[in-house]
Amino acid sequence: MPQIGFRRTGVRPGGTMPLGGAVACLAALAAFLCQALPGSAHSTDSGIEGDPALGAYLSSECVACHQASGVQVAGIPAIVGWPRDQFVAVMQSYRDGHRDNPVMHNVASRLTDEEIAALAVHFGNLKPTGQ
Ligand code: HEC
């Protein structure tokens, strides 16, 4: 029965996965998880000086929902007059999903760090007028 001999030689020793591959994979996973953790690598402050003109330009999209006057309408919070670093941190947490809101995740995920910094300057400079 030639088949028996064939089957025998076809048997492979267990554990053929190269260990190096597994270690490299774990290292990559750890690096990814560490980046994703809040607070590591100064994720709340991009350190970028925002451009107020760019911020004013980009803000037209935001004020479709948020009031430039700083009034809260229909459950949409006021976002004017905030400290910049706080504004940046909140926008980044919507972008990376730490703040879980589908609308703002959508908005924030289209913005670069520069654009968020610019919006932080623009809205930070606005004073709530209450009207
Ligand atoms: C389609 C409507 C809509 C648009 C457009 C929109 N937002 Fe929002 N935004 C919301 C809603 C609703 C919330 C409250 C979400 C929540 O509960 O976390 C919110 C929350 C926020 C907050 C957090 C407020 C707080 O008190 O925690 C900030 C900051 C913000 N938006 C900034 C912006 C900026 C900047 C833009 C433009 C780039 C923008 N939003 C565009 C609807 C919108």
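The paragraphs below lead through a predicted model, from its overall fold to its core, its ligand and one unusual loop residue.

The chain is built from six helices and has zero strands, so that, when the elements are read along the sequence, the pattern is α-α-α-α-α-α. Of the 131 residues in the chain, 18% are buried. Among the contacts in the chain with a separation of 6 or more, 73% are between residues that stand 24 or more positions apart.

A good place to begin inside the fold is the largest nonpolar core, which has 16 residues and in which Phe87, Val88, Met91, Ile116, Ala117, Ala120 and Phe123 have the most contacts. Two elements, H4 and helix H6 (113-125), each give two or more residues to this core, and H6 gives the most, with seven residues. Met91, one of the residues with the most contacts inside the core, touches Ala108, Leu111 and Ile116 when residues up to four places away in sequence are not counted.

Met91 also leads to the packing of two helices, since H4 and H5 meet in a contact to which Met91, Tyr94 and Arg95 of H4 and Met104, His105, Ala108 and Ser109 of H5 belong. Two packed helices are described by the angle between their axes and the distance between the axes. Here the axes of H4 and H5 come within 7 Å and cross at roughly 105°, which means that H4 is roughly perpendicular to H5. By class, the residues of this contact divide into four nonpolar, two polar and one charged.

The ligand is surrounded by 18 residues, of which the closest are Cys62, Cys65, Pro77, Ile79 and Asn101. Helix H3 (52-62), helix H4 (84-95) and helix H5 (102-109) each supply at least two residues of this shell. The shell consists of 14 nonpolar, two polar and two charged residues. H4 therefore appears in each part of this account: H4 gives two or more residues to the core, H4 is roughly perpendicular to H5, and H4 supplies at least two residues of the shell around the ligand.

One residue of the loop between H3 and H4, Ala74, deserves a separate look. Most residues other than glycine have a negative phi. Ala74, however, has a positive phi of about 50° although it is not a glycine. As for its surroundings, Ala74 has 6 other C-beta atoms within 10 Å, and because a residue with 12 or fewer counts as exposed, Ala74 is exposed.

Conventions:
Residues are numbered from 1 along each chain as its sequence is written. This is a predicted model: local features need pLDDT of at least 70, side-chain atom pairs count only at pLDDT 80 or more; totals for chains, interfaces and linings use all residues. A residue is near a molecule or strand if its C-beta atom, placed from the backbone, lies within 6 Å of it. Helices (H or I, at least four residues) and strands (E, at least two) are DSSP runs, numbered from the N terminus. Ala, Val, Leu, Ile, Met, Phe, Trp, Tyr, Cys and Pro count as nonpolar, Asp, Glu, Lys and Arg as charged, and the others, Gly among them, as polar. A residue is buried if 20 or more other C-beta atoms lie within 10 Å of its own, exposed if 12 or fewer, and partly exposed in between; C-beta atoms are placed from the backbone. A nonpolar core is a set of buried Ala, Val, Leu, Ile, Met, Phe, Trp, Tyr and Cys residues joined through C-beta atoms within 7 Å. Two residues are in contact if their C-beta atoms, placed from the backbone, lie within 7 Å. Axes are lines fitted to C-alpha atoms, for helices over the stretch in contact, and angles run from 0 to 180 degrees between N-to-C directions. Angles under 35 degrees count as roughly parallel, over 145 as roughly antiparallel, 65 to 115 as roughly perpendicular and the rest as oblique.
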